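Trainee: Got a minute? I'd like to go through this one with you before lunch.
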Amino acid sequence: MDELDWQQYAVETQAIRAGQHRTPEQEHSDPIFATSSYVFGSAAEAAARFTGQIPGNIYSRFTNPTVRAFEERLAVLEGGERCIAVASGMAAIAAVGFSLLKAGDHVVCSRGVFGNTTIFFQNFLAKFGVETSYVGLTDYAGWEQAIRPSTRFLFLETPSNPLTEIADVRRLADLAHAKGALLIVDNCFCTPALQRPLALGADIVIHSATKYLDGQGRCVGGAVVGGNELLDKTVYPYLRTVGPSMSPFNAWVFLKGMETLSLRMKAHCGNALELARWLERQPAVKRVHYPGLASHPQHELAQRQQAGGGGIVSFELAGGKDAAWKLIDSTRMLSITANLGDVKTTITHPATTTHGRLSPEDRANAGIADGLVRIAVGLENIDDIIGDLRRGLPE
Ligand SMILES: *Cc1c(COP(=O)(O)O)cnc(C)c1O
């Protein structure tokens with residue numbers, strides 16, 4: 001059968017079927033190729049594979065059929081020419097940083113990104129002579145002013161963590177391109193089921209597959225998606241040489257996870273919206289951050305740019321840290337953990353966990369109040385999730 005053109009299919013279908021190439025065994029589910037190397041028919045064939053004259057597997061640091069199935073599926077889902085799978089979301093960010101940048105280059109990064117991303121830019125890239133400037137996610141004048149002739153890329157997450165601010169990806173892509181820079185979007189919170197940054201002009205999409213692509217909290221993995229020309233010269237040789245490779249087993253888990261991605265994301269969005277609306281009605285809650293609420297400052301942009309509000313809801317309790325900790329400690333079912341993107345609902349206090357290493361001033365600047373609680377809404381029955389939270393709220 002001819003290879004189907006998966007771009008002609010809907011996201012639900014792509015997530016289930018793209019990237020699979022059946023072996024002569026006619027297996028229905030994807031096989032796991034647990035092999036580090038591959039044999040060649042002759043010395044000449046080995047030589048031709050190594051030079052790339054004949055395509056094919058060489059060694060699983062950079063060629064493995066199960067990992068390739070994951071890469072092809074995610075590339076189709078994101079509408080990218082190419083995906084390169086790596087060992088974690090941080091490995092994806094490091095791969096982009098180390099392979100695209102050189103000493104003297106400059107990066108502009110939004111202030112609210114994943115904590116380790118900031119540490120990577122500050123503690124690692126800085127050592128190699130790369131400078132990073134930070135701007136508020138929705139401060140467009142700030143982005144523009146921060147760009148220098150040496151700026152290689154702009155880096156952001158949208159929605160942001162934990163305040164769910166939304167950046168206009170198209171606008172920032174235009175801004176970056178006008179100044180000769182690239183736009184990189186970490187699409188971990190929305191996944192391609194809700195948002196496709198490449199179609200909005202971004203050049204590279206980053207994933208932590210650990211989150212919603214797996215969806216059930218089992219494996220750590222990551223990916224870089226973008227154009228062939230760019231990735232062929234940068235991230236691919238980096239993977240081949242440095243080796244932050246995804247294991248075939250993890251790739252298989254992610255393939256299985258992706259089969260239910262659209263269904264899960266719809267359900268995460270449904271539960272999160274219901275929870276956000278309930279929270280807005282609670283007198284002890286000062287403010288709810290959720291892109292699906294009409295009260296969200298970028299609600300309209302979110303409606304245009306995303307196919308749903310996502311699974312992350314955060315809210316501020318009037319009673320500050322004590323009230324936040326009391327609420328968290330009163331839950332019986334919710335998991336107290338900073339992870340997200342799981343079918344299990346998780347609850348965390350950003351000011352003393354994910355953002356605990358920031359100074360009180362930096363925390364205040366980032367809008368992380370002491371009374372802020374973040375919930376990554378899972379797929380349990382929404383009445384049970386609300387019931388677990390009600391217990392810890394003042395009457
Ligand atoms: C978790 C996360 C990462 C890092 O991914 P790992 O798989 O944990 O290395 C990067 N970006 C965002 C937005 C994340 O939530």
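Mentor: Sure, we'll take the domains, then the ligand, then some backbone details. Keep in mind that this is a predicted model.

Trainee: Okay, how is the chain divided into domains?
Mentor: Domain 1 covers 9–258 and domain 2 covers 261–390. Their C-alpha centres lie 27 Å apart. For the contact, domain 1 puts in 35 residues and domain 2 puts in 35 residues.

Trainee: And how much area do domain 1 and domain 2 bury between them?
Mentor: About 2,900 Å², with 59% of it on carbon and sulfur atoms. On the domain 1 side, look at Leu163, Leu194 and Tyr212: they supply 26% of the area that domain 1 buries against domain 2, more than any other three residues.

Trainee: Why quote an area for that at all?
Mentor: Because the accessible area lost when the parts come together is often used to give the size of an interface.

Trainee: What about charges, how many salt bridges are there between domain 1 and domain 2?
Mentor: The count there is one. Click on Lys266 and Glu12: they form a salt bridge, and the closest N and O atoms are 3.0 Å apart. As for polar contacts, 14 residue pairs turn up across the interface of domain 1 and domain 2.

Trainee: Which elements give two or more residues to the side of domain 1 that touches domain 2?
Mentor: Those are α1 (11–17), α5 (115–124), α7 (169–178), α8 (191–194) and α11 (248–259). The largest share comes from α8, with four residues. By class, that side of domain 1 has 18 nonpolar, eleven polar and six charged residues.

Trainee: Switching topic. Which residues surround the ligand?
Mentor: The ligand has Ser88, Gly89, Met90, Phe114, Glu157 and Asp186 around it, among others. The rest of the list is Cys188, Phe189, Ser208, Thr210, Lys211 and Gly221.

Trainee: Which atom of Gly89 is 2.9 Å from a ligand oxygen, backbone or side chain?
Mentor: A polar backbone atom of Gly89. Met90 also has a polar backbone atom 2.9 Å from an oxygen atom of the ligand.

Trainee: And what does Thr210 bring up to the ligand?
Mentor: A polar side-chain atom of Thr210 lies 2.6 Å from an oxygen atom of the ligand.

Trainee: Back to salt bridges for a second. How many are there in the whole structure?
Mentor: A search of the whole structure finds eleven. One to look at is Arg49 with Glu45, where the closest N and O atoms are 2.7 Å apart.

Trainee: How are Arg49 and Glu45 placed in helix α2?
Mentor: Helix α2 takes in residues 43–51, and the two sit four residues apart in it, so about one helical turn separates them.

Trainee: Last bit, the backbone. Where are the cis peptide bonds you flagged?
Mentor: One runs from Thr158 to Pro159, with omega near 0 degrees. Another joins Asn161 and Pro162, with omega about 0 degrees. Pro159 lies in the loop between β4 (151–157) and α7, and Pro162 is in the loop between β4 and α7 as well.

Trainee: What is the phi of Gln26?
Mentor: Phi is near 60 degrees there, a positive value, and Gln26 is a residue other than glycine. You'll find Gln26 in the loop between α1 and α2.

Trainee: Why do you bother pointing out things like that?
Mentor: Because most residues other than glycine have a negative phi, and most peptide bonds are trans.

How values were computed:
Residues are numbered from 1 along each chain as its sequence is written. This is a predicted model: local features need pLDDT of at least 70, side-chain atom pairs count only at pLDDT 80 or more; totals for chains, interfaces and linings use all residues. Side-chain values use heavy atoms; hydrogens and water are left out. Domain bounds come from an automatic or database domain assignment. Contact means heavy atoms within 4.5 Å. Buried area is the accessible area (1.4 Å probe) that two parts lose on being put together, summed over both. A salt bridge is a side-chain nitrogen of Lys or Arg within 4 Å of a carboxyl oxygen of Asp or Glu. A polar contact is a pair of N or O atoms within 3.5 Å; within protein, one must be able to donate a hydrogen and the other to accept it, and residues adjacent in sequence count only if both atoms are side-chain atoms. Ala, Val, Leu, Ile, Met, Phe, Trp, Tyr, Cys and Pro count as nonpolar, Asp, Glu, Lys and Arg as charged, and the others, Gly among them, as polar. A residue is near a molecule or strand if one of its heavy atoms lies within 4 Å of it.
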